[in-house]
Amino acid sequence: MVNYKDLGLVNTKDMFAKAVKGGYAVPAFNFNNMEQLQAIIMAAAETKSPVILQVSKGARNYANQTLLRYMAEGAVEYAKELGWAKPQICLHLDHGDSFELCKSCVDMGFSSVMIDGSSLPYDENVALTKKVCEYAHQHGVTVEGELGVLAGVEDEVQAEESHYTKPEEVIDFTSKTGVDSLAISIGTSHGAYKFKPEQCTRDPKTGKLVPPPLAFDVLAEIEKKLPGFPIVLHGSSSVPQDEVDTINKFGGKLPDAVGIPEEQLRQAAKSAVCKINIDSDSRLAMTAAIRQTFAEKPGEFDPRKYLGPARDNMKKMYMHKIINVLGSNGKAE
Ligand SMILES: [Zn+2]
């Protein structure tokens with residue numbers, strides 16, 4: 001049994017209280033490998049932004065849960081070396097699907113867990129989420145629950161179509177379960193193909209797909225029911241066109257990839273939305289840089305020579321999100 005506090009990590013309690021009050025959102029970035037983690041920590045340390053490191057099921061299968069936990073512990077020390085005296089870093093389980101998994105993460109030093117019972121019948125979601133909260137809270141670990149279903153594919157989490165969160169359920173769910181934050185569905189979606197072309201319109205000038213807007217009316221209704229309660233948005237990558245273009249230019253094939261426009265995320269961050277999950281954009285930034293290096297320097301075979309530029313490109317993307325979209329820079333001095 002290791003407590004997250006001994007690892008220098010923080011839970012989401014203060015982070016979210018400050019973010020809701022301050023009208024910004026904390027970035028939640030997924031990581032699977034060292035370069036990605038370095039890029040996240042460099043960006044957070046340089047901008048003094050609180051940050052949530054997320055471990056998904058796919059990441060646990062790929063990189064091992066124990067190794068990722070120790071990497072996060074190392075990340076705290078690394079952040080201090082970079083001159084961030086009091087790093088505000090949370091280690092969070094993304095899409096936990098059982099009590100046992102959430103318990104194992106609490107026991108190994110995670111400071112926050114998500115229990116995703118959103119695909120279960122309502123009463124079962126309540127019972128499972130409550131059970132996780134009761135255990136996690138004994139150890140000071142915060143819990144994220146979910147109501148509503150997001151479309152798209154994220155590692156092993158996938159759904160054909162989305163169902164918006166029902167505002168009439170949120171008071172009952174949060175009071176019965178004791179969750180610290182609530183992930184909702186208002187039209188964001190997992191993956192780099194968030195919408196089918198037939199769900200979008202086309203910009204007549206560029207021919208690019210324009211996705212349907214987020215359901216801000218549903219968000220407003222939820223906020224009215226739960227004033228000041230921390231709300232989470234999953235599937236909030238923007239799928240930057242320049243990264244997609246670079247990938248396609250250098251041999252990739254990502255036709256009609258489409259994400260959530262940053263302007264809408266900026267608007268969400270000013271509301272009670274205080275955690276915004278971004279994964280696909282990091283994958284795209286990494287892939288674009290690697291493809292470009294391979295194409296321009298075909299003689300290169302030292303992984304540091306293509307993973308290095310990939311790391312730089314990810315860091316640039318993370319800094320952009322922190323400063324220009326979420327507004328979390330300078331909030332963890
Ligand atoms: Zn998600």
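This is a stop-by-stop tour of the barrel, its strands and some of the helices around it.

The model is predicted: local features need pLDDT of at least 70, side-chain atom pairs count only at pLDDT 80 or more, and totals for chains, interfaces and linings use all residues. Residue numbers start from 1 along each chain as its sequence is written.

**Stop 1: the barrel**

Show the strands as cartoon. Helices (H or I, at least four residues) and strands (E, at least two) are DSSP runs, numbered from the N terminus. Eight strands form a closed barrel with parallel pairing, in the order E1-E2-E3-E4-E5-E8-E12-E13. The twist averages 25° from one strand to the next; axes are lines fitted to C-alpha atoms, for helices over the stretch in contact, and angles run from 0 to 180 degrees between N-to-C directions. Two strands pair if DSSP finds at least two bridges between them. Strands of a sheet pair through backbone hydrogen bonds, either parallel or antiparallel.

Now select E1 (residues 26–30) and E13 (residues 273–278). They pair in the parallel sense over four bridges. Val-26 stands opposite Lys-275 in E13.

**Stop 2: strand E5**

Select residues 142–147. Is E5 enclosed or open? Six of its six residues are buried, so E5 is largely enclosed by the rest of the structure. Buried means that 20 or more other C-beta atoms lie within 10 Å of a residue's own; exposed means 12 or fewer, partly exposed is in between, and C-beta atoms are placed from the backbone. Colour the two faces separately. Thr-142, Glu-144 and Glu-146 are buried on one side. Val-143, Gly-145 and Leu-147 are buried on the other.

Next, add the neighbours of E5. E4 (residues 112–115) pairs with E5 in the parallel sense over three bridges. Look for Met-114: its bridge partner in E5 is Glu-144. From E4 the chain crosses through helix H6 (residues 122–138) to E5, a right-handed β-α-β crossover. Right-handed means that, with the strands pointing away from the viewer, the path from the first strand over the helix to the second runs clockwise.

On the other pairing, four bridges join E5 to E8 (residues 181–184), and the two run parallel. Leu-147 has Ile-184 as its bridge partner in E8.

**Stop 3: strand E8**

Stay on E8. Both of its faces are covered. Ser-181 and Ala-183 are buried on one side, Leu-182 and Ile-184 on the other. Add E12: three bridges join E8 to E12, again parallel. Leu-182 stands opposite Ile-231 in E12.

**Stop 4: two positive phi values**

Select His-95, in strand E3 (residues 89–96). Its phi is near 50°, a positive value in a residue other than glycine. Why does His-95 count as buried? Because it has 25 C-beta neighbours inside 10 Å. Draw a distance to Lys-131: the two are 36 residues apart in sequence and 16 Å apart in space, C-alpha to C-alpha.

Then jump to Val-239, in the loop between E12 (231–233) and helix H9 (241–249). Val-239 also has a positive phi, near 50°. It is buried, with 22 other C-beta atoms within 10 Å.

**Stop 5: helix H4**

Select residues 65–81. H4 has 17 residues and reaches 25 Å from its first C-alpha to its last, close to the expected 24 Å. The expected span is 1.5 Å times one less than the number of residues. Leu-68, Arg-69, Met-71, Ala-72, Ala-75 and Ala-79 are buried. They cover an arc of only 160° around the axis, which puts them on the same side of H4; the arc is that of the directions from the helix axis to the C-beta atoms.

What covers that side includes H2 (34–47), E2 (51–55), H3 (57–63), E3 and H5 (99–108). Turn H4 over: the face away from its buried side carries the exposed residues Thr-66, Leu-67 and Glu-81. Just after H4, Gly-83 takes a positive phi of about 100°.

**Stop 6: helix H12**

Finish on residues 303–326. The 24 residues of H12 should span 34 Å; its end C-alpha atoms are 32 Å apart, which agrees. Its buried residues include Ala-310, Met-314, Tyr-318 and Leu-326. Among the elements covering the buried residues of H12 are E1, E13 and H11 (280–296). Gly-327 follows H12, with a positive phi near 75°.

Methods: Two residues are in contact if their C-beta atoms, placed from the backbone, lie within 7 Å.
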